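Me: I would like a close look at one part of this protein. Please take the parallel strands and what surrounds them, and keep it simple for a beginner.

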Amino acid sequence: MNADPSIPYILTLQCPDGLGVQAAVMGFLAGHQCFITESHSYGDPLTGRFFMRCVFRAGHPNMPDLPTMQAHFQTVATNFGMEWALVDASRPPRVLIAVSRFGHCMNDLLHRWKSGQLHIQVPAVVSNHDDMRDLAEWHGIAYHHLPVTPETKAEQERRLLDLIAQQDIDLVVLARYMQVLSEEMSAALSGRCINIHHSFLPSFKGARPYQQAHARGVKLIGATAHYVTEALDEGPIIEQEVVRVDHTHTGDELVRMGRDVETVVLARAVRWHCERRVFMNDRKTVVFK
């Protein structure tokens, strides 16, 4: 069976850097009648890893379909020890949004989704509070209220993992979800859970970062989108942004300005992840923008 020429495909890979990797990939794509529309690659001299992302479509009616392409590429991947994925880019990733009582990031993501700026599906919103129910249901999204206490945390996270599996979720977005995930939960969501931290990490971790920043008299505040890991606020950073402040700004003004930055930073990180532009590289990321 041949591929649909109207469908774009994305090939992503990483492997030990070495002679001939890029040539092998390009040769494979050319040999299978693929027309490349976008390509990025990077070899990290510090980690010795090679990263590559290619977008292509059928350049000839005889280009094989996706399952055939995946089966054929396995030989190339094995030769170079690749971690790789070859996907249909027309399929929108399924995103679960987790939120607590601050809805600005969730509202921004839903607006971008509904207006076609984010190529995603949002089948569910989860919260440990009921505050954001009306907003989610107004968008036609199922709202799952999963309250949590220290005594019920393990059971609440089990229910959340069950929901993620039932809904076939590709990415979990912590859109100001003010709960620290357990080590077990963080491990289960490794590489597919993004958090927005309302601070310019690695400074001012934990609670009330804007108040911490105000007390220190900082001249820049910002936000950080990063992958969730077992270490609190230590996950690989995907995107950051800052805004300049001065002595005339109050703590409350810093909060307001910071929330504007948070929405932009989180939206970028979600889009780049869902477009498969982000690669984990030890404690850092490679992002092909």
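Reply: Here is a walk along the strands, followed by some salt bridges and a helix pair.

Keep in mind that the model is predicted.

Start with strand E8, which covers residues 171-174. In a regular strand, side chains alternate between the two faces of the sheet. In E8, Leu171 and Val173 sit on one side. Val172 and Leu174 sit on the other. All four are buried, so both faces of E8 are covered.

Who are the partners of E8? One is strand E5, residues 94-99, which pairs with E8 in the parallel sense over four bridges. Here Ala98 stands opposite Leu174 of E8. Another is strand E9, residues 193-197, also parallel to E8, with three bridges. In that pairing, Val172 has Cys193 of E9 as its bridge partner. Thus Leu174 is placed opposite a residue of E5, while Val172 is placed opposite a residue of E9.

How does the chain get from E8 to E9? Helix H6, residues 183-188, joins with the two strands in a β-α-β unit. That unit is right-handed.

Now go back to E5 and look at another of its pairings. E5 also pairs with strand E6, again in the parallel sense, over five bridges. Arg94 stands opposite Gln121 of E6. The path from E5 to E6 runs through helix H3, residues 104-114, and this β-α-β crossover is right-handed.

Is E6 enclosed or open? Six of the seven residues in E6, which spans 121-127, are buried, so the strand is largely enclosed by the rest of the structure.

E6 is joined in turn to strand E7, residues 142-145. These two run parallel, with four bridges between them. Ala124 stands opposite Ala142 of E7. The chain crosses from E6 to E7 through helix H4, and this β-α-β crossover is right-handed as well.

Helix H4 holds a salt bridge of its own. It covers residues 133-138 and contains both Arg133 and Glu137. Their closest N and O atoms are 3.1 Å apart. The two residues are four positions apart, about one turn of the helix. Glu137 has 41% relative accessibility, so it counts as partly exposed. Arg133, at 25%, is partly exposed too.

That is one of 17 salt bridges found in the whole structure. Others reach across the chain. Glu38 and Arg277 meet at 2.8 Å, N to O. Glu38 lies in strand E2, and Arg277 in the loop between helix H8 and strand E12, 239 residues apart. Which of the two is buried? Arg277 is, because its relative accessible area of 11% is under 20%. Glu38, at 23%, counts as partly exposed.

Another salt bridge pairs Arg49 with Glu83, with the closest N and O atoms 3.5 Å apart. Arg49 belongs to strand E3 and Glu83 to strand E4, 34 residues apart along the chain. Arg49 has a relative accessible area of 19%, so it is buried, the cut-off being under 20%.

Last, a helix pair. Helix H1, residues 21-31, and helix H2, residues 66-80, have axes that come within 11 Å. They cross at roughly 165°. Angles over 145 degrees count as roughly antiparallel, and H1 and H2 are therefore roughly antiparallel to each other. Their crossing is right-handed.

How values were computed. Residues are numbered from 1 along each chain as its sequence is written. This is a predicted model: local features need pLDDT of at least 70, side-chain atom pairs count only at pLDDT 80 or more; totals for chains, interfaces and linings use all residues. Side-chain values use heavy atoms; hydrogens and water are left out. Buried means under 20% relative accessible area, exposed over 50%, partly exposed in between (1.4 Å probe, protein chains only). Two strands pair if DSSP finds at least two bridges between them. A crossover is right-handed if, with the strands pointing away from the viewer, the path from the first strand over the helix to the second runs clockwise. A salt bridge is a side-chain nitrogen of Lys or Arg within 4 Å of a carboxyl oxygen of Asp or Glu. Axes are lines fitted to C-alpha atoms, for helices over the stretch in contact, and angles run from 0 to 180 degrees between N-to-C directions. Angles under 35 degrees count as roughly parallel, over 145 as roughly antiparallel, 65 to 115 as roughly perpendicular and the rest as oblique. A crossing is left-handed if the near helix is turned anticlockwise from the far one by less than a right angle, and right-handed if clockwise.
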